[in-house]
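Student: Hi! Could we go through this one together?
Tutor: Happy to, here it is.

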Number of protein chains: 2
Amino acid sequence: MNQTADIKRKRGRPPKTENADFRDTRETLITVGLSVLTEKGYSSTGIDEILRKAGVPKGSFYHYFDNKEAFGRILIEAYGRYFARKFDRWFEDRALTPLQRLEAFVEDAKTGMARFEYRRGCLIGNLGQEMTALPEGFRVLLQDVFTDWECRTAGVLREAQQAGEISKDLKCDQMAHFFWIGWEGAVLRAKLDQSPEPLDRFAQGFLSLLRGS
Amino acid sequence: MNQTADIKRKRGRPPKTENADFRDTRETLITVGLSVLTEKGYSSTGIDEILRKAGVPKGSFYHYFDNKEAFGRILIEAYGRYFARKFDRWFEDRALTPLQRLEAFVEDAKTGMARFEYRRGCLIGNLGQEMTALPEGFRVLLQDVFTDWECRTAGVLREAQQAGEISKDLKCDQMAHFFWIGWEGAVLRAKLDQSPEPLDRFAQGFLSLLRGS
DNA sequence: CTCAATTTAGACCGATCGTCTATTTAATTA
DNA sequence: TAATTAAATAGACGATCGGTCTAAATTGAG
């Protein structure tokens with residue numbers, strides 16, 4: 001059922017020369033945490049489930065993280081970084097026009113959601129939705145991630161202006177903001193419908209808006 | 001702290017002529033349930049919290065509802081109906097042009113979110129987001145609500161076409177679908193930012209798209 | 001060979017969910 | 001009007017789970 005699991009762990013301080021067989025326990029917890037939280041969010045996910053899937057005993061968790069909240073903060077940061085890398089990959093591909101890069105990102109997202117049968121969404125969107133049930137300090141972290149993503153998106157839109165793909169009259173910051181507002185809705189809906197169609201529908205509408213037609 | 005609460009409930013079968021002081025217990029539970037679930041969603045809300053806020057003892061809950069899942073189904077239906085009424089109110093107001101009716105709906109939503117300090121979002125969006133943590137049967141209920149809302153929205157767009165406000169070339173069903181995909185994202189973001197700005201930004205973008213400019 | 005550092009083991013408490021029985025009050029029936 | 005039935009509340013209970021915390025095990029350092 002689960003690929004990460006059940007390697008016999010030795011108790012006590014590990015030998016210095018080790019780290020052979022299995023990835024660092026901490027990294028494993030983060031990876032598994034991301035996969036579970038992108039699926040079910042923060043509140044309805046229990047530590048136990050993450051530990052079970054990671055094949056890590058409970059005691060270890062509280063060795064590596066102060067508590068669930070601290071773990072959550074680290075997941076938000078890790079997820080933000082993961083996407084920043086994705087953007088660098090797509091948004092700076094000179095083989096494509098700026099608008100094609102945006103389309104490539106959309107295709108990549110579709111592929112990603114399909115791979116997990118539309119069960120996993122966006123961690124930031126998930127957590128934003130449950131904001132009122134979350135530690136208040138999460139709010140600014142989530143907002144910062146959106147700010148970062150919107151900046152990067154605005155950048156590619158400006159390049160599209162310079163390349164003459166879209167009108168110079170468009171306010172790129174506002175358009176990037178619009179994109180991320182709606183895109184999170186599209187991810188949500190794709191999860192509900194278990195289909196890529198909402199992602200396509202929103203992306204297509206957004207591009208029409210850019211092209212002013 | 002809480003307006004609904006703490007009216008001394010009489011034990012036992014109620015007199016036939018009654019229903020004077022407080023609303024029916026069942027109705028109270030539904031009302032309170034809606035307010036809590038629009039805020040925190042399904043998974044992270046416990047029955048006890050609803051009972052406490054409603055001032056209703058636990059024994060009553062299981063008298064009126066089979067279990068939490070059955071209660072959730074009833075809340076989805078009640079919320080769907082509540083919004084259907086809202087649409088009837090705004091979308092059939094002949095004093096406004098069709099597009100103005102859409103704008104009136106947006107204003108109403110802004111007012112509604114502001115009233116609760118942007119803590120409450122859309123029940124259907126909330127539950128859609130946590131779909132993977134929900135009883136599988138909820139999926140079709142949520143989809144049906146969106147289908148209904150999109151139909152009503154498509155209707156007002158067709159009226160806008162007939163009134164010459166927007167191009168006859170627009171596919172109203174698709175545009176209504178686009179609206180609801182993005183609008184749920186806007187509600188999510190308004191909750192995160194505790195601001196009406198995402199609602200305005202999305203609505204304004206959507207209207208530009210309709211007007212083709 | 002101690003002692004500190006690092007990690008695992010799992011006990012523990014409180015909260016949540018759903019059930020169940022007892023109790024209270026009103027309506028119905030005879 | 002007494003007995004019975006219907007309708008609702010009271011709240012104890014067990015099972016389970018989530019989060020925390022302490023004890024134990026293992027290794028490295030002096």
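Student: At what angle do helix H9 of chain A and helix H8 of chain B pack?
Tutor: At about 100°, with their axes 10 Å apart; H9 spans residues 197-211 of chain A and H8 spans residues 172-193 of chain B. Axes here are lines fitted to C-alpha atoms, for helices over the stretch in contact, and angles run from 0 to 180 degrees between N-to-C directions. Helices are DSSP runs of H or I with at least four residues, strands are runs of E with at least two, and both are numbered from the N terminus.

Student: What do I need to know about the model itself?
Tutor: This is a predicted model, where local features need pLDDT of at least 70, side-chain atom pairs count only at pLDDT 80 or more, and totals for chains, interfaces and linings use all residues. Residues are numbered from 1 along each chain as its sequence is written, chains are lettered from A and ligands numbered from 1 in the order in which they are written, and side-chain values use heavy atoms, with hydrogens and water left out.

Student: Back to those helices: how are H9(A) and H8(B) oriented to each other?
Tutor: They are roughly perpendicular (65 to 115 degrees; under 35 is roughly parallel, over 145 roughly antiparallel, the rest oblique).

Student: Which residues make the contact?
Tutor: H9(A) brings A:Glu197, A:Pro198, A:Arg201, A:Phe202, A:Gly205 and A:Phe206, while H8(B) brings B:Gln174, B:His177, B:Phe178 and B:Ile181. Contact means heavy atoms within 4.5 Å.

Student: And what does B:Asp173 touch?
Tutor: B:Asp173 is in helix H8 of chain B and touches B:Ala154 and B:Arg158, leaving aside residues up to four places away in sequence. From B:Asp173 to B:Glu150 is 7.3 Å, C-alpha to C-alpha, though they are 23 residues apart in sequence.

Student: New topic: how do H5 and H7 of chain B pack?
Tutor: H5(B), residues 98-115, and H7(B), residues 138-162, pack at about 145° with axes 7 Å apart. From H5(B), the contact includes B:Pro98 and B:Leu99, and from H7(B), B:Val156 and B:Leu157 are among the residues involved.

Student: What does UniProt annotate at residues 46-65 of chain A?
Tutor: The unreviewed UniProt entry labels them "DNA-binding region". UniProt positions follow the numbering used here, feature names are shortened, and annotations may be inferred rather than shown by experiment. That span is 75% helix and 0% strand, and its end C-alpha atoms lie 14 Å apart.
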